[in-house]
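I opened this entry to look up how helices pack against each other and how the strands are arranged.

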Amino acid sequence: MSERIFPNNFLWGSASAAYQVEGAWDKDGKSESIWDKYVRIPGTTFKETNGNLAVDHYNRYKEDVQLMADLGLKAYRFSIAWTRILPNGRGEVNQAGIEFYSNLIDELIAHNIEPVVTIYHWDLPQVLQDEYAGWESREIIEDFVNYAAVLFEAFGDRVKYWVTLNEQNIFMTLGYVQAVHPPKVSNYQRMYNANHIANLANALTIKKFRAMGMTGKIGPSFAYNPAYSIDSKPENVIAAENYEAFNSSFWMDVYINGKYPKTVLKGLEKLDVTIDIRPEDHEVLANSRPDFLGINYYQTNTAAYNPEDGVSIGKMNTTGEKGSSEEAGVPGFFKRVQNPFVERTNWDWEIDPQGLKLGIKRITNRYDIPVMITENGLGEYDKLTEDKQIHDDYRIDYLSSHVDAIGEAIAEGSEVIGYCTWSFTDLLSWLNGYQKRYGFVYIDREEDDATAKLTRYKKDSYYWYQELIKKHS
């Protein structure tokens, strides 16, 4: 890959999320989030893991930023916990929360690392879930925009890149259809209405950002799994088109163009779903095009025809037992099947770097918008050797091939402004516990907080990324 492919100001970064790394779940005025409560339900997560301690980034952020600086990171994407800033979801600001994130931002800037701030990465204040059912109420729109405005006011002088909502498609489908994330609901009607409310919150937050005269750039991040057809049989090709429309265009069209795809709205009628779209909503959505689109890319999906009596919600692999996931789909529209041409991780995620190139090109051709890769990484079992080494060549191979794919997309006309790997350190992988490791930095802990040493060790991939950034700087 030619070094000249990537622009000089390209953001070579890495990422995390508050609940997954910070710990200190109830310290310094922070209130309970929906995840703080949800993980206490027995059987919800792998071996009952939670984020009470996580990897203690709250107390060790200076150590972690120094590791970032030593690596040579140009950007660090992290999320802010709504519950640290506004413990009641609204109203009085918790100055201890402001101080923590202000100090983190200053520490990053002091080490020449660009902060990329995610406003919402799934940890809704539990008080708002209790008061009005969170994303199911339009009341959340004002509360979310006001929360974002607090962040813009406090940090907008130093933060130039903002992500509004992280993976809205994931927290909606896993929370309101598959019932494996909070609020643990399985109801298409409730999901699509809550999702529309989140779209309005996203749009009005972007409007607020501009109304306040912020000088940076803002956009949502979307978990994009580009769809293939299993073959060229027409019914399977149509199923793949349905998959792409229902699972990708349905969100990205609204973000960029302010409109839902007509074929999806018509298809939802077959599922007895009618989205509560009010006349005034159209103007809100139509005039809030983001400055960039964040893409979280891990895999492609392959689709095939699914009859009316076909498969529906299937089992997810959250244990790392390869082959334990099940086919899933929407009867009458599509089902997801295995791609015979790619390898899979132990969590059954398909490894397909060319799929990232495909996704970037589709976005360029359909929307003509700059892309930031806000997440991309490999979750696997890592082994700490007796001499404290972590030889993760498999991760180097994975990341290297995806970087090459980004370079190819840029060379062919796409604008990509940054690449944030997932993740910088190992962290709590939501339902999967701590055994599914993503980081450049190994954290010496397993599922039990009581035995967590939390010592940081650089993996082989840390040094690989260090050299990659040097080469492209």
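I looked first at α10 and α11, which are oblique to each other, since angles under 35 degrees count as roughly parallel, over 145 as roughly antiparallel, 65 to 115 as roughly perpendicular and the rest as oblique. The model is predicted, so that local features need pLDDT of at least 70 and side-chain atom pairs pLDDT 80 or more, while totals for chains, interfaces and linings use all residues. Residues are numbered from 1 along each chain as its sequence is written, and side-chain values use heavy atoms, without hydrogens and water.

I noted that the axes of α10 (residues 234–257) and α11 (residues 262–270) come within 9 Å and cross at roughly 125° (axes are lines fitted to C-alpha atoms, for helices over the stretch in contact, and angles run from 0 to 180 degrees between N-to-C directions; helices are DSSP runs of H or I with at least four residues, strands E runs with at least two, numbered from the N terminus).

For the contact (heavy atoms within 4.5 Å), I listed A245, F246 and F250 from α10 against T263, V264, G267 and L268 from α11.

I then turned to the strands, of which 8 close into a barrel with parallel pairing, in the order β1-β2-β3-β4-β5-β7-β13-β14 (two strands pair if DSSP finds at least two bridges between them). Neighbouring strands of this sheet are turned by 25° against each other on average, direction ignored. I checked β2 (residues 75–79) and β3 (residues 114–120), which run parallel and are joined by 5 bridges, and found that R77 has V116 in β3 as its bridge partner.
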